Amino acid sequence: MAAEELTLQSHIQHHLTNAKMCSTENGFAFNKACSEAGFWTWHIDTLAWSIGLGILFLMIFRSAAKKAHTGIPGKFQCFIEMIVEFVSDNVRDTFHGKSKLIAPLALTIFVWVFLMNLMDLIPVDFLPAFAGYVGETAFGVDSHDVYMKIVPTTDINMTAALALGVFLLMIGYGIRMKGIVGFIKELTLHPFNSSNTVVQIILIPFNLLLETIALVAKPFSLALRLFGNLYAGELIFILIGAVGLMQLPLHFVWAVFHILVIVLQAFVFMMLTIVYLSMASSESH
């Protein structure tokens with residue numbers, strides 16, 4: 001019984017471990033050699049898949065733009081136009097400022113996050129097993145020491161990086177619309193204010209604390225919501241994969257349900273980004 005539990009545990013742990021690269025005294029090292037490398041460890045599978053899917057997104061939409069014409073559009077062009085119009089309508093209804101950046105940013109976030117989430121539908125053992133085979137045959141590495149997580153959004157580093165980008169845009173838009181002085185006033189004179197100057201000065205630390213927490217909580221919620229939902233979905237796929245042949249009907253049922261999660265989480269991340277940037281660019285608090 002203990003051996004079975006250990007096997008299942010190691011199976012799950014293997015699938016939840018990223019391929020790592022780090023720098024050591026002897027040069028670059030990978031995976032287990034990076035266990036004590038500290039902060040400066042690169043998750044090369046997350047980087048490779050996220051960059052590759054980003055390039056795929058650019059190629060698809062560039063191809064659609066080059067083939068666009070004024071006549072009757074084909075199915076591919078109609079599909080791309082539906083996505084663009086869907087995102088454009090949401091931006092128009094949600095973002096109340098004026099910016100040429102928001103619509104392209106929202107489109108990029110929605111499609112890119114969707115593509116990264118979509119990788120969760122690929123059978124969990126397929127690409128990791130292939131990577132293990134390549135590592136063993138081409139490089140002489142034990143297949144159990146070769147790791148590959150193909151869903152970038154199940155890596156907290158990826159979702160945190162996306163949320164950090166949104167956070168920096170929030171700060172930038174806030175300063176751009178209100179100025180540095182206005183941005184500082186927003187952090188220090190709200191939500192509590194008083195006509196009495198002395199009382200207002202006393203309230204500044206409390207306002208700064210509350211507004212800072214509210215500001216920082218936004219990217220935190222973005223990162224953790226996307227990571228938590230996709231990580232949980234991936235974990236369920238891994239557990240289903242450990243069942244054996246019975247995994248096929250279970251995998252299908254969960255995949256059908258998970259499609260909703262994949263689309264919904266991409267949509268939620270896009271919408272919250274638009275809402276946060278709209279709030280940041282609003283001249284009123």
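## Exercises on helices and aromatic rings

On one side of helix H5, Phe126, Phe130, Tyr133, Thr137 and Ala138 are exposed, where exposed means over 50% relative accessible area, buried under 20% and partly exposed in between (1.4 Å probe, protein chains only). Helices here are DSSP runs (H or I, at least four residues), numbered from the N terminus.

Some ground rules before you start. This is a predicted model, in which local features need pLDDT of at least 70 and side-chain atom pairs count only at pLDDT 80 or more, while totals for chains, interfaces and linings use all residues. Residues are numbered from 1 along each chain as its sequence is written, and side-chain values use heavy atoms, with hydrogens and water left out.

**Exercise 1.** Check the span of H5 against its 14 residues.

*Solution.* Start with the rule: the expected span is 1.5 Å times one less than the number of residues. For H5 (residues 126-139) this gives 20 Å. Now take the end C-alpha atoms, which are 19 Å apart, in agreement with the expected span.

**Exercise 2.** Find which residues of H5 are buried, and how they are arranged about its axis.

*Solution.* First, the buried residues are Leu127, Pro128, Ala131, Gly132 and Gly135. Next, look down the axis: they fall within an arc of 145 degrees, so they line one face of the helix. The arc is that of the directions from the helix axis to the C-beta atoms. Finally, step just past H5, where Gly140 takes a positive phi of about 70 degrees.

**Exercise 3.** Classify the ring pair Phe86 and Phe110, and place it in the fold.

*Solution.* Rings of Phe, Tyr and Trp (its six-membered ring) pair if their centres lie within 6.5 Å; planes under 30 degrees apart count as stacked, over 60 as edge-to-face and the rest as tilted. By this rule there are six aromatic pairs. In this one the centres are 5.8 Å apart and the planes at 55 degrees, so the pair is tilted. Phe86 belongs to helix H3 (residues 75-94) and Phe110 to helix H4 (residues 102-118), so the pair ties together parts that are 24 residues apart in sequence. Phe86 is partly exposed at 36%, whereas Phe110 is buried at 10%. Together with Phe267, these two form one aromatic cluster.

**Exercise 4.** Do likewise for Trp254 and Phe257.

*Solution.* Their ring centres are 5.1 Å apart and the planes at 35 degrees, so this pair is tilted. Both residues lie in helix H8 (residues 247-281), three residues apart, about one turn of the helix. Trp254 is buried at 19%, and Phe257 is partly exposed at 44%.

Notes
Helices (H or I, at least four residues) and strands (E, at least two) are DSSP runs, numbered from the N terminus.
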